[in-house]
Amino acid sequence: MFVNPDEEILEQMMDDAAWHLESIREKQLQVDERTSYNHLAIYLRWCIEHSRMSKEFLHRYSAVVEKIQKSPWDVDLREFVRDELHGLLLYPYFDEIGCAFTRHYYGDGSKPYFPSDIDSYAMEYFGEKRYPSNGFQDEAYLFVPFNEDYYQAISKVIEHRWEEWQLESAKTRKRESTLPSLAEGMMDYLHCPCLYLPPMKSDTSIELAYQDACKRGQQEGFVPMLVAVDRHPVGVFTPKF
């Protein structure tokens, strides 16, 4: 079952159209309020078209998925996000790979970052002189026309980010296959379940691994620790004494 929007969902939430709708109303922007759902709909459509949705999502929303696959522009996904998803995009909507990519690209605010790419496109669309105009009030992305050209342009950006992520993931897996001898020795010395995390550009994977370990630790009775060995971070899941 998906989490009800009225329950605690902060850990599962990647975006909420209410944030963007609030900007429209507070700043009295002269745009259709549906624009607050624009980039959420674009990201959702890309993931549907690239088969990155969870089985539960596909089962529950099979009708709209079929329409998107057959004739995507006949479906206004903004209204679907608003009416069916309560304006929310949640990580559980995506399959395992889709969720991992989404956490990387949409989740932590570091570059590359999907909302940042949306904003960059708005600057490119309107031009550097018009982009900062008073009429937009720092919300130029809401004024980009929501049409097929917009989707296709952003789709190419997402595709590029996807390819970059896959390449980086492949490099990470390759590094993980070769465990440094010093790290291996430390893990043997500690003599407890350990997860080795190799050096990487972003600390997102370390943060997620630690968060997951903290949750499991509360249930299984251990305290997670992070130990740096010769600059190679090692996540150590240590039993509670």
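Let me start with tyrosine 43, which touches Met14, Phe94, Phe101, Thr102, Tyr105, Tyr106, Phe114 and Ile158, leaving out residues up to four places away in sequence. Touching, or contact, here means heavy atoms within 4.5 Å.

Before going on, a word on what we are looking at. This is a predicted model, where local features need pLDDT of at least 70 and side-chain atom pairs count only at pLDDT 80 or more, while totals for chains, interfaces and linings use all residues. Residues are numbered from 1 along each chain as its sequence is written, and side-chain values use heavy atoms, with hydrogens and water left out.

Now the overall picture. The protein chain has ten helices and five strands; these are DSSP runs, H or I over at least four residues for helices and E over at least two for strands, numbered from the N terminus. Of its 241 residues, 42% are buried. For burial, the cut-offs on relative accessible area are under 20% for buried, over 50% for exposed, and partly exposed in between, with a 1.4 Å probe and protein chains only. If we take contacts between residues at least 6 apart in sequence, 61% of them join residues at least 24 apart.

Back to tyrosine 43, then. Which residues touch the most other members of the largest nonpolar core? They are Tyr43, Leu44, Phe57 and Leu85, in a core of 54 residues. Helix α2, residues 38–49, gives the most to this core, with eight residues. By such a core I mean a set of buried Ala, Val, Leu, Ile, Met, Phe, Trp, Tyr and Cys residues joined through side-chain atoms within 4.5 Å. As background, nonpolar side chains in soluble globular proteins tend to be buried together.

One partner of Tyr43 deserves its own moment: tyrosine 106, in helix α6. Tyrosine 106 is buried, with a relative accessible area of 1%. The two tyrosines, 106 and 43, are 63 residues apart in sequence and 9.6 Å apart in space, C-alpha to C-alpha. Beyond its neighbours within four places in sequence, tyrosine 106 is in contact with ten residues you can pick out on screen: Met14, Asp15, His39, Leu40, Tyr43, Leu89, Phe101, Tyr113, Phe114 and Pro115.

Some of those names come back in the second largest pocket, so to speak of it next: its volume is about 210 Å³. Of the 14 residues lining this pocket, Asp15, His20, His39, Tyr113 and Pro115 are the closest to its centre. The elements giving two or more residues to the lining are β1 (13–16), α1 (17–26), α6 (96–107) and α7 (114–126). By type, the lining has nine nonpolar, three polar and two charged residues.

Finally, two residues in loops. Glutamine 28 is not a glycine, yet has a positive phi of about 55°. Where is glutamine 28 found? In the loop between α1 and α2, and glutamine 28 is exposed, with a relative accessible area of 63%. Aspartate 138, also not a glycine, has a positive phi of about 65°. Aspartate 138 lies in the loop between α7 and α8 (148–176) and is exposed, with a relative accessible area of 70%.

Conventions:
1 Å grid on protein atoms, 1.4 Å probe; cavity = no way out; pocket = protein on both sides within 12 Å on 5 of 7 lines; lining within 4 Å. Points joined across faces, edges and corners; volume = space filled by probe spheres on them. Nonpolar A, V, L, I, M, F, W, Y, C, P; charged D, E, K, R; others polar.
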